[in-house]
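Work through the exercises below with the sequence and the model open. Each task is followed by a solution in steps.

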Amino acid sequence: MVGLYAFVLAGTLFHAASNVWQKQLLNQGAHPRYVTVVWMAGASLIGFTGSFLLHGIPQITSGTWYLLFLTAAILNTFIMHFDVKSRKLEDVSVVAPISSIAPLVSVPIAIVLLGEWTTFWGFLGILAVVPGLYLIGLSGKVMPLPAGLERALPESWSKPVGRWIGPWLRLAASRGGRG
């Protein structure tokens, strides 16, 4: 069990560092597709090597494994491409937290498709992501309210409403946040 936690911690640290490394490559002029291909190839090489070292070469007997492999490869390539492209357009501090909602989406899908359930603490941790993203968004620059909303609100409400919906306004205005 300790080994599992070590892998999860190492993966978390590597993922966090990769966000910054990718942004550095993009800032140095690397094309987003180049960064995507290098990252996907590197992750595949490390993942397969580690898996083979730990578990040996798998004995695949199912005739449909190639379809699952191709589907995962294509979907992950698109996801990574848009992730890298958004980093090129925006600060990592804006884009990376948006990527953190994956567990929030994955768990309901796993419940429906796989019949898996997480613990109470697992749900609590996943639900903590949402206010965490919101709090990160509160620390950004103040965005002006849309003109129609500003006209509709009493003047004394404009500033507090702008503050509380500010994270969503910044996300809507962010080229990288929209992908």
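**Exercise 1. The crossing of α1 and α3**

Task: In this predicted model, describe how the axes of helix α1 (residues 2-27) and α3 cross, and state which residues make the contact.

Solution:
- Step 1. The two axes come within 9 Å, and their crossing angle is roughly 65°.
- Step 2. The crossing of α1 and α3 is right-handed.
- Step 3. On the α1 side the contact is made by Asn19, Gln22, Lys23 and Leu26, and on the α3 side by Met80, Val84, Arg87 and Lys88.
- Step 4. Sorted by type, the residues of this contact of α1 with α3 are 3 nonpolar, 2 polar and 3 charged.

**Exercise 2. Helix spans**

Task: Set the end-to-end C-alpha distance of α1 against the span expected at 1.5 Å a residue, then repeat this for α2 and α3.

Solution:
- Step 1. α1 has 26 residues and reaches 38 Å, close to the expected 38 Å.
- Step 2. α2 has 24 residues, so at 1.5 Å a residue a span of 34 Å is expected; the end C-alpha atoms of α2 are 34 Å apart, in agreement.
- Step 3. α3 has 25 residues and reaches 36 Å, close to the 36 Å expected.
- Step 4. Look next at what follows two of these helices. α1 is followed by Gly29, with a positive phi near 100°, and α2 is followed by Gly56, with a positive phi near 80°.

**Exercise 3. Buried residues of the three helices**

Task: Which residues of α1 are buried, which of α2, and which of α3?

Solution:
- Step 1. In α1 the buried residues are Ser18, Asn19, Gln22, Lys23 and Leu26.
- Step 2. In α2 they are Pro32, Val35, Thr36 and Trp39. The cover over these buried residues of α2 includes α1 and α3.
- Step 3. In α3 they are Met80, His81, Asp83, Val84, Ser86 and Arg87.

**Exercise 4. Thr36 and Phe82**

Task: Is Thr36 buried or exposed, and why does Phe82 fall into its accessibility class?

Solution:
- Step 1. Place the residues: Thr36 lies in helix α2 (residues 32-55), and Phe82 in helix α3 (residues 65-89).
- Step 2. Thr36 has a relative accessible area of 4%. The cut-off for buried is under 20%, so Thr36 is buried at its 4%.
- Step 3. Leaving out residues up to four places away in sequence, Thr36 touches Thr77, Met80, His81 and Val84. Of these, Met80, His81 and Val84 are among the buried residues of α3.
- Step 4. Phe82 has 42% relative accessibility. Partly exposed covers the range between 20% and 50%, so Phe82 counts as partly exposed at 42%.
- Step 5. Phe82 and Arg33 are 49 residues apart in sequence, while their C-alpha atoms are 9.5 Å apart in space.

**Exercise 5. The whole chain**

Task: How many helices and strands does the protein chain have, and what share of its residues is buried?

Solution:
- Step 1. The chain has 8 helices and 0 strands, which reads along the sequence as α-α-α-α-α-α-α-α.
- Step 2. Of the 179 residues, 22% are buried.
- Step 3. The accessible surface comes to about 13,000 Å², and carbon and sulfur atoms account for 72% of this surface.
- Step 4. Take the contacts between residues at least 6 apart in sequence: 64% of them join residues at least 24 apart.

How values were computed. Residues are numbered from 1 along each chain as its sequence is written. This is a predicted model: local features need pLDDT of at least 70, side-chain atom pairs count only at pLDDT 80 or more; totals for chains, interfaces and linings use all residues. Side-chain values use heavy atoms; hydrogens and water are left out. Helices (H or I, at least four residues) and strands (E, at least two) are DSSP runs, numbered from the N terminus. Buried means under 20% relative accessible area, exposed over 50%, partly exposed in between (1.4 Å probe, protein chains only). Axes are lines fitted to C-alpha atoms, for helices over the stretch in contact, and angles run from 0 to 180 degrees between N-to-C directions. A crossing is left-handed if the near helix is turned anticlockwise from the far one by less than a right angle, and right-handed if clockwise. Contact means heavy atoms within 4.5 Å. Ala, Val, Leu, Ile, Met, Phe, Trp, Tyr, Cys and Pro count as nonpolar, Asp, Glu, Lys and Arg as charged, and the others, Gly among them, as polar. Accessible areas come from the Shrake-Rupley method with a 1.4 Å probe; for residues, only the protein chains shown count as cover. The expected span of a helix is 1.5 Å times one less than its number of residues.
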